[in-house]
Amino acid sequence: MQTHQYDVVIVGAGGAGMRAALESSKEARTAVISKLYPTRSHTGAAQGGMAAALANVEDDNWEWHTFDTVKGGDYLVDQDAAEILAKEAIESVLDLERMGLPFNRTPEGKIDQRRFGGHTRDHGQSAVRRACYAADRTGHMILQTLYQNCVKQDVEFFNEFYVLDLITDHDLTTEEIAEGEEVNATGVVAYDLATGEIHVFQAKAIIFATGGAGKIFKTTSNAHTLTGDGMALAYRRGLPLEDMEFFQFHPTGLAGLGILLSEAARGEGGILRNSEGERFMERYAPTIKDLAPRDIVARSMANEVREGRGAGPNKDYVLLDLTHLEPAHIDAKLPDITEFARTYLGIEPYTEPVPVYPTAHYAMGGVPTNVKGEVLRDGVNVVKGLYAAGEVACVSVHGSNRLGTNSLLDINVFGKRSGRAAAEYAKTASFHELPEDPTVRVVAQLDEMRNRPDGERVADIRKALQETMDLNAQVFRTGDSLNEALADIRELQKRYRNASVQDKGKLFNTDLLEAIELGFLLDIAEVTVVAAINRKESRGGHYREDYPNRDDAHYMLHTMAYRRPPEASDQAEGHIEGYFDHVEEFDGYKVVLGSKPVIQTRYEPMERKY
Amino acid sequence: MTATLEADAPAPAGEIPSFTVTLRVRRFNPEVSEEATWEDFTVEAHGTDRVLDALHKIKWDMDGSLTFRRSCAHGVCGSDAVRINGRNRLACKTLLKDVNPDKPITVEPIKGLPVVKDLVVDMEPFFASYREIMPFLVTTGNEPSKERYQSPEDRARFDDTTKCILCAACTSSCPVFWTDGQYFGPAAIVNAHRFIFDSRDEGGSQRLEILNDKEGVWRCRTTFNCTEACPRGIEVTKAIQEVKRAMITRAF
């Protein structure tokens with residue numbers, strides 16, 4: 001075992017983690033711990049752009065951007081946070097340009113901008129060009145630029161280290177915290193993949209920037225490594241997860257594969273068609289059509305397929321038509337995604353429409369934070385020294401549905417804010433004592449997993465989980481389908497206890513880590529489904545066929561899910577009889593749901609029409 | 001345009017039947033033996049499966065100890081560069097049907113970097129070379145209050161080399177690098193090119209000086225392996241030539 005001490009420890013080296021590192025490492029001794037080499041992070045797979053009302057190509061302002069974000073999120077957005085996002089977007093894009101990011105340019109040499117779903121001029125009048133971009137590789141350029149600047153600033157990285165535990169000075173899973181008492185995050189425990197050695201990182205401030213959990217689904221645009229590690233660790237240590245029922249299905253995944261084809265394809269003029277060649281989005285969103293927000297487009301596509309207007313031999317996808325665009329235009333603006341169609345489906349997008357279907361893409365929910373990035377341990381109180389940013393976090397700027405290009409924005413705005421806040425805090429704080437043996441849980445978990453008798457394969461359980469989630473908790477959900485998913489997850493949790501690994505070695509044991517990651521996936525899927533069962537309304541990415549309408553009277557609240565011991569109270573903060581009172585018992589713990597108010601400032605909830 | 005694999009007139013999706021394929025994988029586990037060995041695995045594959053899918057089938061259904069890196073699985077993260085039938089490729093971007101599945105397909109770690117386990121190599125020397133060429137924008141004077149302007153033509157000048165995903169397919173395909181691990185290698189030069197030809201950058205002469213080193217660009221023997229290996233279709237050899245030319249024409 002090795003022990004390290006840093007003022008700030010950042011977990012995750014994607015966009016949010018590295019943006020935070022660029023701030024905190026200027027002010028405080030900082031380490032970044034990442035399970036991947038930084039440039040492998042999934043920020044690099046983002047394609048279309050980063051929203052900011054620069055008004056470089058047409059009239060625009062941050063207030064319109066705020067409104068679009070709030071409306072796009074079906075009014076479950078915390079409006080104070082959305083305003084910060086839209087305002088600070090402008091400086092965030094300029095920051096990246098000054099760091100060297102090679103944006104596409106206008107003829108005058110300014111940063112070019114293009115249209116994207118749900119981004120409009122003057123509160124929904126028409127689509128607006130707000131997305132700053134670099135071809136369809138914007139995420140790649142952001143990831144590379146941030147890494148380049150980390151090299152420039154000599155940021156310290158621990159690559160291929162898996163953080164497997166978060167240490168706090170109170171056990172939030174069991175202890176009642178007295179009014180006014182502080183809870184402090186004191187460190188993390190990590191596993192060095194190359195050697196199998198355990199490392200303890202004591203820190204004054206810790207930032208979780210571990211990304212999403214798309215691998216709870218089978219069809220997903222997410223990387224194999226997006227297993228919800230940070231969310232699951234926080235949750236297991238007694239911290240709540242917010243709004244987990246809201247998962248975004250990106251409309252245009254390559255059919256059957258889930259590989260992302262950017263919304264920029266539609267921003268540049270691409271059209272969705274059904275088997276009859278009809279531009280069906282005209283029926284669902286008459287004003288902005290194919291550029292409606294993702295939840296609406298994904299549902300419309302799934303509905304076309306359900307009603308028998310799907311294309312292909314099994315009528316199970318729709319078509320993304322780019323054939324009316326100039327090949328030179330496609331090459332200049334959409335080179336990568338057209339290459340994906342060629343490589344993986346053998347389709348030539350110049351001349352043939354591309355088969356597409358919704359793919360699990362983004363968790364709107366996550367570890368709750370305030371606008372400084374501080375992690376909440378209930379509706380109000382923070383864990384001192386603990387921060388979260390990016391997809392792992394729920395600020396909430398995305399509400400129940402994130403707008404395209406707002407995630408690259410989120411990681412930059414809130415990565416920067418959390419990095420600054422953490423460094424600022426670390427300057428005044430002192431180290432808190434670690435427990436006698438901080439590694440005890442992790443060592444026991446790893447030893448137990450490594451030494452189990454031969455049992456079931458991890459991959460079989462993971463596959464069964466992903467299949468039930470795709471079948472029962474995807475674009476269309478019902479109480480029955482969700483209960484089906486929950487029953488399957490209970491069974492899989494049991495089977496997981498007998499899963500075994502074949503690789504018993506110390507060195508680079510990815511077999512062992514996949515088994516640990518499956519545990520995270522099961523917990524995240526479980527809480528996602530429990531929250532979805534409880535929310536008996538349809539809003540944004542969460543569509544209940546048995547409750548097809550939005551119900552502001554009862555559900556205009558964030559869901560807060562807590563994992564508690566069986567003997568704990570059935571009521572969590574924000575308990576509301578009949579609406580936020582769901583309790584689900586499991587072996588050895590229960591999931592208790594409470595709620596948190598939505599912060600509304602300027603915008604009254606309205607019916608969402610596009 | 002970026003690279004596509006050289007398939008002979010690919011058939012439309014869904015029309016390629018399932019087939020059986022044998023992967024001959026280079027295995028090495030220092031906890032077990034100092035010797036590397038070949039091991040054959042036969043798996044069922046679907047028509048559009050990639051080499052990565054076959055590796056996953058082996059790991060998930062047959063032998064959990066098979067070790068390789070992967071993440072995004074669609075050619076953008078750069079984790080899974082391996083040597084397939086003697087050529088460097090990304091396992092997630094290589095369809096089995098395109099690499100003659102009638103014969104055993106060999107899969108080995110990329111060459112020139114120390115093998116850690118099975119298909120995993122130590123990437124540190126590779127990233128160390130990258131870090132040395134100052135892979136970041138260097139500017140002087142006050143920061144502008146808005147963006148720096150750059151014409152579309154100036155932006156296009158270095159577009160090709162911005163595509164690099166640092167997968168090391170190029171560097172580990174280079175015969176010079178195989179025999180001399182001190183050589184910066186194509187990927188580091190590509191990333192230097194990305195800044196040397198960026199109109200906003202003012203660190204060109206420093207970078208050229210670094211690359212004028214005896215382990216710098218002059219070691220390149222123009223064998224074009226790197227260009228062939230690049231999964232992003234970057235004209236690597238051309239970029240190296242342009243850096244060489246800049247060294248001659250720019251006074252530093």
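The exercises below, each with a worked solution, deal with a predicted model and go from its chain interface to its cavities, salt bridges and backbone.

**Exercise 1. Determine how many residues of chain B are in contact with chain A, how much area is buried between the two chains, and which three residues of chain B supply the most of its share.**

Step 1. Counting contacts from either side gives 71 residues of chain B, which are in contact with 65 residues of chain A.

Step 2. The size of an interface is often given as the accessible area lost when the parts come together. For chain B and chain A this buried area is about 5700 Å², and carbon and sulfur atoms give 50% of it.

Step 3. Within the area that chain B buries against chain A, B:Trp60, B:His74 and B:Glu147 supply 12%, which is more than any other three residues.

**Exercise 2. Describe the polar pairing across the interface of chain B and chain A, and work out which elements of chain B take part in the side that touches chain A.**

Step 1. The rule finds six salt bridges across this interface, and with both residues at pLDDT 80 or more it finds 37 residue pairs in polar contact.

Step 2. The side chains of B:Arg232 and A:Asp336 meet in a salt bridge, with a distance of 3.0 Å from N to O, which lies inside the 4 Å cut-off of the rule.

Step 3. On the side of chain B that touches chain A, at least two residues each come from helix 1 (51-62), strand 6 (115-117), helix 2 (124-132), helix 3 (152-157), helix 4 (159-162) and helix 6 (186-196) of chain B. Helix 1 of chain B has the largest share there, with five residues.

Step 4. Sorted by class, the side of chain B that touches chain A holds 33 nonpolar, 16 polar and 22 charged residues.

**Exercise 3. Characterise the second largest cavity by its volume and by the residues that line it.**

Step 1. The search of the whole structure yields eleven cavities of 30 Å³ or more, and the second largest cavity holds about 200 Å³ of space.

Step 2. This second largest cavity is lined by 18 residues, of which A:Tyr162, A:Thr510, B:Phe68, B:Arg69 and B:Arg70 are the closest to its centre.

Step 3. Helix 15 (residues 510-534) of chain A gives the most to this lining, namely four residues, while the lining by class consists of seven nonpolar, three polar and eight charged residues.

**Exercise 4. Explain why the salt bridge of A:Lys204 and A:Asp7 ties together parts that are apart in sequence.**

Step 1. Over all chains, the whole structure has 78 salt bridges, and in one of them the side chains of A:Lys204 and A:Asp7 meet at 3.4 Å, N to O.

Step 2. A:Lys204 belongs to strand 9 (residues 198-208) of chain A and A:Asp7 to strand 1 (residues 2-11) of chain A, so the pair links parts that are 197 residues apart in sequence.

**Exercise 5. Locate the cis peptide bond from A:Val395 to A:Ser396 and the positive phi of A:Ala55.**

Step 1. The peptide bond from A:Val395 to A:Ser396 is cis, with omega near 5°, and A:Ser396 is found in the loop between strand 18 (393-394) and helix 11 (406-428) of chain A.

Step 2. A:Ala55, a residue other than glycine, has a positive phi near 55°, and A:Ala55 lies in the loop between strand 3 (50-51) and helix 2 (62-72) of chain A.

Notes: Residues numbered from 1 in each chain as written. Chains lettered and ligands numbered in written order. Predicted model: local features only at pLDDT ≥ 70, side-chain atom pairs only at ≥ 80, totals over all residues. Heavy atoms only, no water. Contact = heavy atoms within 4.5 Å. Buried area = accessible area lost by both parts, 1.4 Å probe. Polar contact = N/O pair within 3.5 Å; in protein donor to acceptor, adjacent residues only side chain to side chain. Nonpolar A, V, L, I, M, F, W, Y, C, P; charged D, E, K, R; others polar. 1 Å grid on protein atoms, 1.4 Å probe; cavity = no way out; pocket = protein on both sides within 12 Å on 5 of 7 lines; lining within 4 Å. Points joined across faces, edges and corners; volume = space filled by probe spheres on them.
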